[in-house]
Structure formats: C-alpha cells, structure tokens
Amino acid sequence: MLAANQYLMVGVILFGIGVIGFLTRRNVIVLLMCIELMINGAGLAFVSFCRQTGSLDGQVFVLFAMVIAAVEIAVALSIVLLVFRNRATLDVDEMEVLKW
Amino acid sequence: MVEATGLFSKLWLVPALPLAGALFNCLLGRQVSNFVVSIVACGSIGLAAVLSLLLFNSFLKLPVEQRHIELCMYNWIPSGDFVAPIDLLLDPLSMVMITMVSGVSFLIHVYSVGYMSRDESFARYFFYLNLFVFFMLLLVLAGNFKVLYIGWEGVGTCSYLLISFLYHKHSAARAGLKAFVVTRFGDFFFALGIMLVFVQFKSIYFGEVLPRAHEVLTPVMATWIALLIFGGAVGKSAQVPLHTWLPDAMEAPTPVSALIHAATMVTAGVYLVARCYPIFQLSPTAMSTVAVIGLLTAVISATIALVNNDIKRILAYSTVSQLGHMFIGLGVGAPAAAIFHLLTHAFAKALLFLGAGAVIHALHEEMDIRRMGALKGHIPATFWTFLVGALAMAGIPGLAGFFSKDAILEASFTNGGVLLWLIMVVTAGLTAFYCFRLFFNAFLGEKRWDPHVEEVHHPAPVMTIPLMLLAVLAAVGGYMGVPHALGGADRISSFLAPVFPPAHHTDGGSSSKSLEIILMVVSSLSALGGISLAYFFYVMPGNREIPERLRQTFGGIYDALSNGWYFDKVYQVVFVDRFMGAANFFWQAVDTSVLDMTVRGLAGLVLGGGAVVPRLQTGLVRWYALFMVAGAVVIMGYLFL
C-alpha cells in the first residue's frame, strides 16, 4: 500500500505539469486541458489528505469540483468555438485585445 | 407687541420698493435708457418716502402705548430654540429713521441724476444706490438682531461697492477695500455681541430682549454685551480708533459721500447704540466708554479738519466729529438728543456734501480749496444753500444744528461735568472755523482757480432743487426739538421717550432754565468766534499770510494734524506692513514652496505611476497566469519561511 505522501506527490506533479503547460503552450484547447490537469492535481491532494485524516469532507469537495470543472469546460469550449469562428485562430497570444 | 393692521401692514413696502428698483436696474438697467433708469431709481425711493410720511402721519395718531408695531414677514431659520424670522419693528425710533433715510435718499437720488448724467455706468450706480437704501431701511426697521445684522452688512457691502465705484482707479479700489476691512473689524465684535445676547436671553427679538435686559443681565455681562455692540458701532460710525476709513471713502462719487458717508450709513452705529440703549444703561462703564470715544473722536477729527485742504475730506472729518458728538450724547444719557442731532446733521451734512459736489462739478473735478475762491457770483444757488448748511453745521442759533448740538451740550454739562462741556464748546468753535474756512475759501476771496478752468459748469436744476429742499430742512429741521428753556415743547424727545426708558443713574432735565440759556449763549459765542476767525483769516484782505505764518511757527503740530494724527501711518506700520509681511511669508515660504510642492509631487507621482502600471495589463492570458503563479510562490515562501 502506498503511503499518503505518494498520492500527494502525484497530485503535486499533476498540478505542476498543468502550470508549466499553461505557461508554455499557446493553443487554447491545450490550455484548457492544462487547467483540467491542475484541477485534478488539486483534487488528488484533497482525497489524499482525506485518507490521512479519515474525514469525508475533502471527497465531497472533489465531487463538487469535478461537477464544476465539467460545467466550466463546457462554457470554455463554447467560448473557444465562438472565438475560432470570429478570428480563425486558437492561439491565445493573438487574443489580446482586452488590454490597456 | 401690537400686530400690524391697516396702513401699517404695508410697512414691508418701505424697504421692498427700493429693492424692486435695485433689481430692475440690476437686471434691465443696461437695456433701457438712462431716463428710465433714473425714473425707476428715484421713483422707487420717492414712493418709499411718501409711504414713510403717510406711516408717520398714521403713527402720530396712535396712542403712545401702541406705538410699537411688529410685522413678521416669514420664519427664516427655525432651529430648536432659535427662530430667525424676518420681522420688522416700527416704533418711534425706527419711524423717524425711515422717514429721514427715505427722504434724504430721495433728494440725493434726484441730485445724482444730474451729477452722474455723463457716467457710462449710470445703471450700475443706481443699482448700488437703490440696494443701499433697501439695506439701510431694513437695518432701521429690523425687529431682531439678525435682520439688523443683515442690513448692517448689506449697507457695508454697498458702501464698499460705491467707494470703489470707479474701480479702474487704484486709489478708489484701495479705499473701498480699506473701508470694508476696517468696518468688518468692528462688525466682528458686533456679531459676538449678538451671539452673547442670544446665549443670555435665548432670544434675539428686540421686543423680548430689551425690556428684560435689567432682569436677565448681570452688570458684568451687560458691560460685555454693550461694549461688543459698541465695537460694531465704532467701526460703522467711524469712531476713533477705526475712523480712518471714512476720509478715504471720499473716493466715492460725491452724492454717495452725502448719502452713505454723511447722512445714513455712518449714523447706523448711533442708531444701533440707541436701539440697544436699555442694555447700555445697565453698564456705567459702557456708557462712559461711549462718551469718551465720542469725545476723542469729536476733538481729534475736528482738529484734523482745521488744516485739511481737500473739500470732501474736510467734510468727512467733520462728519466723524459730529458722529462723535452723537456718541457723547448717547454716553451722557441723552439718546433723544443724539438721535435729534443725527437727523439735523443728516440734513446739514447731506446739503454740504451735495453743495461740495456742485463746487467740484463747477470747477471740473477740482477738490483742493486752495484752488477755489470767488464762486459766489458763478453758482449763486449753491452759494446760498451751502451758506445755510455751514451755518447749521456751525450751530448758529435758529438753524437745525444749533438746537440738536445744544441738547447734547446741555446733557453733557448736567451729566458729564464742566470739563466735558468745555471741551465740546471749544470743539464747537473749531467746527464753525473749519466749516467757514471751507466756505470762505471756496466761495469768497479772489479767484485762485486752476488756469485750465476756463468756464464754470453750472449745476442743472435737477441738482439745485434738492439742494434747496435740503437747505430748507437744514434751516427748519431743528424746530422739532426746540428746548423747553426757549419756550419750545421739545417734541422729538417726548416722541422718542417710549423707546428710551428713563435712566436710573442719571437725572436729565435738572438744570435750570437760566443755566440752559447761559450754556446756549456760550456755545453760540464759540461758534461765532470760529466763524469770525475764519472770516479774519480768509476773507479780510491781506490776512491770508497769517495762517501761513502760524503754520511755520507750529510746524510740528501742523504736520501732525495734516497727517491725521498719524493714525494711518501707525496702522500702516503696525498692521498693514506686518500683515503684508506675514502674507508674503505664507505665500512664498509656505504656500509656494511647501504646499504647492507637496501637491504637485503627489500629482506627479500619480501621473507617473499611471503611465507605468497600465502596461502590466497586456491582454496576454499566460502573462497573467505567470503573475498568479509568481504571487502564489511568494505567498507560499512567506508562509513557509
């Protein structure tokens, strides 16, 4: 049986991959996937802490987070679809009109 | 308190008519012709004067105990205990005042039509003048301290506006400022006095305050209130040490000097003290202060008038001196005599000023009496009316000034002592001398005109008729107060008696008839002596160098007098220069270098920051994410370390 710390480490690594991916990639779809990675990393951290403490609170949180992540990704993908229709690109660095 | 009924309910029209005239001339004066402006200006004041006379007529028919009419216009500031209604009070004192103010104002308005006819700011002039009359009538009709104070400040403002009427002239602008600042200094004390009255009485109505004064006030508190109120009177009525603004105020057009700085506004201080007389009576200290200030003023300004050469300034110092006489009258427990003198002085001095205006006009703006002379044949109407005014001013028996001055002299002898009386008799001689020094220099002797004056301007009838009417008033105005000793009824005193309850510590009218007549004879002799001396110096041929020799002999005294006893110089050094120094310091050292720099520095910081910080908002999502990560790292670092 794996120690709780090892689950936690997997969560941290997942989160780290998500962050680095978010900062380095430019495709919007990939960015959304990176966000999913970060959410899941955080969720994994939740459940591994639950396992350590024996409480169920964190698991409830994760269920909530998963639902919300699903909703979020639905909204985000629809926005991406509209942006692509208008600008014919998925490159975030070209979506920079909202600035000073 | 009697509610106003019948004609008395129209009392509000007396101040409202001049206000309406002022509004018309202010809003439409520039669109209509000068003729319309003068009709509106004189007409509104004339109607007010007629209404005052009608009111006077009905007022005399009222029984004495009903001669106290209050008319509340509306409640202006109700706040807790404090209500400040606009209410008017008609009692014998305000009755004589509105009659005099509206009547004299009317004559001066008519005269102004001629005097100002060539001025391009004709409508502006009459706007100010009408507004002044409104505030003056409001002042004397006020039923409480607050309304009185509104009128008080209003006349001060109009005085300022009219002194600086020729605002492009530097000296006029300065004189207006000086008048405003100096009188404001007195007004400050007056305002404190009103506040103290409210604290003590929880009321500012004259009808509630004055009858209860002897119950509510301790002697110390009465002294404080009286002195604070008197402070306002000193400023407005140009008494020593705040008299310096009045001679400078002669920068105003001459009819303004006649109206504001001789007949009406400057007498507001006398009116104020008379109005608050029940408070002054409670404090012997305040009474003696009033008398002493009055005496100092009377003597100092009479001596200055002896040597001055500016026709209007002589009259201005004379006004200050006569106001001093009125305050002596108030101080020695003869308020009715003071008000009597106020009225006769208003007639005589308005006449003299208007006459001086005609002289100045005739000689093309010449004001120096050394460059006048021999005007008798050229402007005879002015000559004769001026003579009446000068005689009335000097106190020659039979004319107005004689009776009123004598009433004050008699009261000073009875209540103030022989010394006070003696000084006043000498001052009466000085008064006669300077009046006739002016008169003889202007109208008699040889021509000493400026060579540029080729032809004399003759005053139009619109100017001479008011002069004649005022001359009649100055001649016969005294018969409203012929003393008992001369077989008269002294009607003015008995008319005013309900306003001035008999004093507790003085006992007027105790002097015997023969004593009173002796006093009159002595003061008349003093006046005649002054006139004779002036005649000897300035009319008899070959004597003109005598004053010159006297001047050289008493050079120090002459210098002191011609510099107005150095009041202005001392004030310049002690107050004005100090103040300017402080103002310069605060301007250069504090405002410009500290405050401005601080504010500008802050503004620069914000501007500079505003140029840099927005650049962070690039619109690049990943850039924001980087900041979030960096922020998270910093927070984590902070939490773990």
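How many of the 100 residues of chain A count as buried? The share is 16%, where buried means that 20 or more other C-beta atoms, placed from the backbone, lie within 10 Å of a residue's own (12 or fewer makes it exposed, and anything in between partly exposed). Keep that in mind as we start the tour.

**Before you click**

This is a predicted model, in which local features need pLDDT of at least 70, side-chain atom pairs count only at pLDDT 80 or more, and totals for chains, interfaces and linings use all residues. Residues are numbered from 1 along each chain as its sequence is written, while chains are lettered from A and ligands numbered from 1 in the order in which they are written.

**Stop 1: chain A**

Select chain A and show it as a cartoon. You should find three helices and zero strands, with the elements running α-α-α from the N terminus on. Helices here are DSSP runs of H or I with at least four residues, strands are runs of E with at least two, and both are numbered from the N terminus. The radius of gyration of chain A, taken over C-alpha atoms, is 17 Å, well over the 13 Å that the globule rule gives for 100 residues, so chain A is more spread out than a compact globule. That rule is 2.2 Å times the number of residues to the power 0.38. Along the principal axes, the C-alpha atoms fill a box of roughly 50 × 25 × 25 Å.

**Stop 2: chain B**

Now select chain B. Its C-alpha trace spans about 110 × 65 × 50 Å along its principal axes, and the chain holds 25 helices and three strands. Of its 641 residues, 51% are buried. Colour by pLDDT, the predictor's confidence in each residue from 0 to 100: chain B averages 89, and 98% of the residues score at least 70. Then pick residues 504-509 of chain B, where the pLDDT is below 50.

**Stop 3: a hairpin**

Zoom in on strand S2 (residues 69-79) and strand S3 (residues 82-90) of chain B, which pair in the antiparallel sense over nine bridges. Strands count as paired if DSSP finds at least two bridges between them. Click B:Asn75 to see its bridge partner in S3(B), B:Pro85. Between the strands of this hairpin there are two residues, and B:Gly80 takes a positive phi near 60°.

**Stop 4: the core**

What should you select to see the residues with the most contacts inside the largest nonpolar core? Try B:Val273, B:Ala350 and B:Ala474, in a core of 213 residues. Such a core is a set of buried Ala, Val, Leu, Ile, Met, Phe, Trp, Tyr and Cys residues joined through C-beta atoms within 7 Å. Helix H15 (residues 335-362) of chain B gives the largest share, 19 residues. Residues are in contact if their C-beta atoms, placed from the backbone, lie within 7 Å; B:Ala474 touches several residues, including B:Phe347, B:Leu351 and B:Val388.

**Stop 5: B:Asn415**

Select B:Asn415 in helix H17 (residues 400-416) of chain B. Because it has 21 C-beta neighbours inside 10 Å, B:Asn415 counts as buried. Add B:Gly333: the two are 82 residues apart in sequence, yet 7.4 Å apart in space, C-alpha to C-alpha.

**Last stop: where the chains meet**

Show both chains together. The contact takes eleven residues from chain B and ten residues from chain A. For the complex, the predictor gives an ipTM of 0.87 and a pTM of 0.80.

How values were computed:
Contact = placed C-beta atoms within 7 Å. Lists of a residue's contacts leave out its neighbours within four places in sequence.
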